Amino acid sequence: MDCVVCDKISEKKAMIVYEDDNLVAILPSKPAVPGHVKIMPKQHFTQLDEMSDDLVEELFFLANFASTAVFEVAKAHGTNIILNESDNHLAIDVIPRKENDGLNFLWKPKQMSPAEMDEVHSKITDKVFLVSRGDEFNHEAKQEGPKDIIAEVEEKKAGETETPAPKDTKKGKINYLIKHLIKIP
Amino acid sequence: MAEQPDFDNMTPEQIAEYQKQNCIFCKIIKGDIPSRKAYDDDKIISILDINPAAKGHLLVMTKEHYPILPLIPFDTASHMFRTTKGLVKALKQAVITNKTTIFIANGAIAGQQSPHFLYHIVPRDNNDGLDNFIVPIKDYKEEEVLQYLSPLKAKLGMMMRDYKSKTGKAEAIAKQVSQGLADSANKSFLKPAEAKSGPVNSHELAKFIEDNPKIKDMILNNPEDFKKEIEANPEIKKLFANLDIAKLSAALSAIKKE
């Protein structure tokens, strides 16, 4: 696979400010402003959801630390942390901000009717239910009301047909979202 | 009622409390203001932005009021970042795209519009017109960029070491060190005769060092100080009797490098 970023990481042709087994943080040679830090996983990913939970956490913590560090080091009055997924090597930009720095990342709000908002809302909640059966929401999910028998049966069925169960789901704790699955044909 | 509070004569805690009570997002979280929730657990919540950059634009925030990201406690931040991955996955399926932008603003100057820290997940599409998210590329003199290299290196190294010690990754490293120490203790600097007759064996010693990072640090970095410490503390003296501290220090740092 041809990836300029991968090449640069392996050749270490960059101004590296942090590096470990999984991540690298550099000062881009053409930054938005001096003090701009770019953070990348060493392995080639383009999508956040391709990465392991651990790596996602590390990536964001490093971005958070870079943001804290540039406040002091680059005398920033604020910071932006931006992750734009694309077809290229995934990266997070941490940008120190000052007054009149000529940068603007803000958007114009899109006009949407309440009906349109409701429609996309229901699509998202449905997918959040589905995704939450996997590894992504294996944290302490709150139970909403008592589980019923159908939910238990559904859970067993889901267990049979679905790929590996979440690694560290708390024993005996049924994800509250499971019960919504019975609504989905 | 709409009396402007006297911020000048308030403590930071009082100001924080005032902000909390007047925070629109705290009210949304309490349910006093309606919202379209996408995700909700005991620590975090995600709702649809009422002024979206694109259809499906989500806000993610902690239930507890924190003004900026660095103030969010470690466990909550960790949970939030991990859950974000799931939200990104679900959002992509819901609006049928394979791209999102995650946008975080710390401070008003960066575009933070509320004193309750939150961040944005915006579904993206080709030609969606959201070009403002593109990070500009500009020319600066090399020395302007390079001036931040070493201070950032020092800070990030320190912060990530601290982070890894919190996540238990450091424990795994310590275990390796202790195993390596035990092995090399048997091989080299602990004389066999003493290992047998002495009050502790090398494994116990390794465990002791592993359990006491301060001591490990001292052996590694200040062997001379550590020798003084041994003389001052009979307990430690017993443990480290007949050991060549300089050799121990060298062995430890050799293992560390591996």
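# Notebook: a sheet and a core shared by chains A and B

I began with helix 5 (residues 149-166) of chain B, and found that this helix lies across strand 1, strand 2 and strand 3 (37-41) of chain A, running at about 10° to strand 1 of chain A. I note here that I am working from a predicted model.

**Entry on the sheet.** I then followed the strands themselves, and noted that 10 strands form an open sheet in the order 1(A)-2(A)-3(A)-5(A)-4(A)-4(B)-5(B)-3(B)-2(B)-1(B), with antiparallel pairing. For the edges I wrote down strand 1 of chain A and strand 1 (37-40) of chain B, each of which pairs on one side only. I also looked up the turn between neighbouring strands of this sheet, which is 20° on average when direction is ignored.

**Entry on where the chains join in the sheet.** Strand 4 of chain A pairs with strand 4 (residues 99-106) of chain B in the antiparallel sense, over six bridges, and strand 4 of chain A is also joined by six bridges to strand 5 of chain A, again antiparallel. Which residues does Ile82(A) stand opposite or bridge to? In strand 4 of chain B its bridge partner is Phe103(B), while in strand 5 of chain A Ile82(A) stands opposite Asp93(A).

**Entry on the contact between chains.** I looked up the extent of the contact and found 67 residues of chain A in contact with 66 residues of chain B. On the side of chain A that touches chain B, at least two residues each come from strand 1 (15-19), strand 2 (23-27), helix 2, strand 4 (78-84), strand 5 (92-97) and helix 3 (114-131). Helix 2 of chain A gives the most to that side, with 13 residues. Sorted by class, the side of chain A that touches chain B has 35 nonpolar, 16 polar and 16 charged residues.

**Entry on the cores.** The largest nonpolar core has 85 residues, and those with the most contacts inside it are Ala25(A), Ile39(A), Leu62(A), Ala66(A) and Val60(B). Helix 2 (residues 53-73) of chain A gives the most to this core, with 12 residues. I also recorded a second, separate core of five residues, which includes Ile219(B), Phe226(B), Leu248(B) and Leu252(B). I then took Ala25(A) on its own and, leaving out residues up to four places away in sequence, found that Ala25(A) touches Val17(A), Tyr18(A), Val37(A), Lys38(A), Ile39(A), Leu62(A), Ala66(A) and Leu156(B).

**Entry on chain A as a whole.** The secondary structure of chain A comes to four helices and five strands, and from the N terminus on the elements run α-β-β-β-α-β-β-α-α. Of the 185 residues in chain A, buried residues make up 41%. Among the contacts in chain A with a separation of 6 or more, 60% are between residues 24 or more positions apart.

**Entry on two backbone angles.** Phi of Lys75(A) is near 50°, a positive value in a residue other than glycine, and I placed Lys75(A) in the loop between helix 2 and strand 4 of chain A. Is Lys75(A) buried or exposed? Lys75(A) counts as exposed because 10 other C-beta atoms lie within 10 Å, and the cut-off for exposed is 12 or fewer.

Phi of Asn127(B) is likewise positive, near 55°, in a residue other than glycine. Asn127(B) is found in the loop between strand 5 (118-124) and helix 4 (142-146) of chain B, and I noted Asn127(B) as exposed because 6 other C-beta atoms lie within 10 Å.

Conventions: Residues are numbered from 1 along each chain as its sequence is written. Chains are lettered from A and ligands numbered from 1 in the order in which they are written. This is a predicted model: local features need pLDDT of at least 70, side-chain atom pairs count only at pLDDT 80 or more; totals for chains, interfaces and linings use all residues. A nonpolar core is a set of buried Ala, Val, Leu, Ile, Met, Phe, Trp, Tyr and Cys residues joined through C-beta atoms within 7 Å. A residue is buried if 20 or more other C-beta atoms lie within 10 Å of its own, exposed if 12 or fewer, and partly exposed in between; C-beta atoms are placed from the backbone. Two residues are in contact if their C-beta atoms, placed from the backbone, lie within 7 Å. Ala, Val, Leu, Ile, Met, Phe, Trp, Tyr, Cys and Pro count as nonpolar, Asp, Glu, Lys and Arg as charged, and the others, Gly among them, as polar. Two strands pair if DSSP finds at least two bridges between them. Axes are lines fitted to C-alpha atoms, for helices over the stretch in contact, and angles run from 0 to 180 degrees between N-to-C directions.
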